Amino acid sequence: MSKLAKVEKCIQKGREEELIKLSHDKDKEVRVAAISGLGQIGKGDAYNHLVTMMEDEDPEIRIACIKALGVMK
């Protein structure tokens, strides 16, 4: 199973902890997908994790966090 497929499965099952781990993957596409997933499930520690990740050096990651937080409202 690819990591992107794993992200989708985690989103469907609401596995926040696994998405948090995947949001630190070395593959940026996986990171962005996991961050987006955290915004979609929006529970528990997702908010705090996304706020912390907004300090990432990569602007694409910061933008993904902002979008995810917007989805959470």
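A disulfide is a pair of cysteine sulfur atoms within 2.5 Å. The model is predicted: local features need pLDDT of at least 70, side-chain atom pairs count only at pLDDT 80 or more, and totals for chains, interfaces and linings use all residues. Residues are numbered from 1 along each chain as its sequence is written, and side-chain values use heavy atoms, with hydrogens and water left out.

**Exercise 1. Find how many disulfides the structure holds, and explain the state of Cys65.**

Step 1. Count the disulfides: the structure holds zero. Cys10 is in none, and the nearest cysteine sulfur, that of Cys65, is 17 Å away.

Step 2. Look from the other end. Cys65 cannot form the bond because its sulfur is 17 Å from the closest cysteine sulfur, in Cys10, which is too far.

Step 3. Check burial (buried means under 20% relative accessible area, exposed over 50%, partly exposed in between, with a 1.4 Å probe and protein chains only). Cys10 has a relative accessible area of 2%, so Cys10 is buried. Cys65 is buried too, at 0%.

**Exercise 2. Work out which side of helix 4 is buried, and what covers it.**

Step 1. Locate the helix. Helices (H or I, at least four residues) and strands (E, at least two) are DSSP runs, numbered from the N terminus. Helix 4 spans residues 46-53 and includes His49.

Step 2. List its buried residues: Ala46, His49, Leu50 and Met53. They cover an arc of only 95° around the axis, so they sit on the same side of helix 4. The arc is that of the directions from the helix axis to the C-beta atoms.

Step 3. Recall the geometry. An α-helix has 3.6 residues a turn, so residues three or four places apart point the same way.

Step 4. Name the cover. It includes helix 2 (16-22), helix 3 (28-41) and helix 5 (59-72).

Step 5. Zoom in on His49. Its relative accessibility is 13%, so His49 counts as buried. Contact means heavy atoms within 4.5 Å. Beyond residues up to four places away in sequence, His49 touches Ile20, Ser23, His24 and Leu38.

**Exercise 3. Describe the surroundings of Arg31.**

Step 1. Place Arg31: helix 3.

Step 2. Judge its exposure. Arg31 has a relative accessible area of 13%, so Arg31 is buried.

Step 3. List its contacts. Not counting residues up to four places away in sequence, Arg31 touches Leu22, Ser23, His24, Asp25, Met53, Asp56 and Ile61.

Step 4. Add polar detail. A polar atom of the Arg31 side chain lies 3.0 Å from the backbone oxygen of Ser23.

Technical notes:
A polar contact is a pair of N or O atoms within 3.5 Å; within protein, one must be able to donate a hydrogen and the other to accept it, and residues adjacent in sequence count only if both atoms are side-chain atoms.
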